[in-house]
Every structure is written in structure tokens, then in C-alpha cells.
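Okay, thanks for coming, everyone. Let me put the picture up and then walk you through it.

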Amino acid sequence: MPKMKVLLSSGQKVNDFVAMVTKYQFPIHLTTGRYRIDAKSLIGIFSLNLSKPVTVEVSEDGEEVERLFEELAIFEYVKE
């Protein structure tokens, strides 16, 4: 299962993220701790603690998933 950590620290970043992931037909989830939500749900994302990185999980693999992760690189969390 491909995974990537992202930081969605502002409302604008969340809106941009949702707009990006809704273009894909396969299921995409965000996980943090014990919570797992639909990454295409704006309300669901705002229910998470966004001051910390969240993990993007995709249950599929392939070129389309690679393209998604390339697009999500602008949100990628890098430890300082």
C-alpha cells in the first residue's frame, strides 16, 4: 500500500489537496493515529488535527498512483 506523509496546515492547502485528489477514481485515505478518513471529504479532513502531518494511503498501485504522489509532492512533509 503506497503511503506518503503530507502537512495540510492551512485551509487553502486543504482545499487544494481535496481538489487534487478528487480527480482520481480510486479510494484515497488520510490516517493519523487511530483515525482513517476519506481524503476526498473536506469535512472529514477538517475533523483531523492538522497541526501535525497526516499519512496519505492508497490501496492500489500503478502509474496513476505514481502521478498522484508526484502531484502531492507540494504538500509533502519533510522533517526539519
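I'll start with a strand and its partners, then move on to the charged residues.

Quick ground rules: this is a predicted model, so I'm going by its cut-offs, with local features needing pLDDT of at least 70, side-chain atom pairs counting only at pLDDT 80 or more, and totals for chains, interfaces and linings using all residues. Residues are numbered from 1 along each chain as its sequence is written, and side-chain values use heavy atoms, leaving out hydrogens and water.

Okay, find strand E4, residues 54-58. When I say strand or helix, I mean a DSSP run, at least two residues of E for a strand and at least four of H or I for a helix, numbered from the N terminus. E4 is mostly covered, with 5 of its 5 residues buried. Buried here is under 20% relative accessible area, exposed is over 50%, and partly exposed is in between, with a 1.4 Å probe and protein chains only.

Which way do the side chains of E4 point? Val54, Val56 and Val58 go one way, Thr55 and Glu57 go the other, and all of them are buried. In a regular strand the side chains alternate between the two faces of the sheet.

Now for the partners. Strand E1, residues 3-6, runs antiparallel to E4, and 4 bridges join them. Strand E2, residues 28-32, is also antiparallel to E4, again with 4 bridges. For two strands to pair, DSSP has to find at least two bridges between them. If you want a spot to look at, take Thr55: Lys5 stands opposite Thr55, and so does Thr31. Met4, meanwhile, stands opposite Val56.

E1 has its own alternation. Met4 and Val6 point to one face and are buried, while Lys3 and Lys5 point to the other and are not.

On to the charges. What counts as a salt bridge? I'm using a side-chain nitrogen of Lys or Arg within 4 Å of a carboxyl oxygen of Asp or Glu. By that rule the model has 3 salt bridges.

Glu57 and Lys3 make one of them, at 3.8 Å from N to O. That pair links distant parts of the chain, Glu57 in E4 and Lys3 in E1, 54 residues apart. Is Glu57 buried or exposed? Glu57 counts as buried because its relative accessibility is 11%, whereas Lys3, at 53%, counts as exposed.

Glu57 has another contact, a salt bridge with Arg36, where the closest N and O atoms are 3.7 Å apart. Arg36 is in strand E3, residues 35-38, and it's 21 residues from Glu57. Arg36 is partly exposed, with a relative accessible area of 49%. Put together, Lys3, Arg36 and Glu57 are linked in a network of salt bridges.

Then there's Glu71 with Lys23, the closest N and O atoms being 2.9 Å apart. Glu71 lies in helix H3 and Lys23 in the loop between H1 and E2, so this pair ties together parts 48 residues apart in sequence. Glu71 is partly exposed, at 23%.

Helix H3 covers residues 63-72, and Glu66 lies in it. So does Arg67, which is partly exposed at 41% relative accessibility. Arg67 and Thr55 are 12 residues apart in sequence, and 17 Å apart in space from C-alpha to C-alpha.

Last stop is helix H1, residues 11-21, where you'll find Lys13. Lys13 and Phe75 are 62 residues apart along the chain, with their C-alpha atoms separated by 7.9 Å. That's my tour, thanks.
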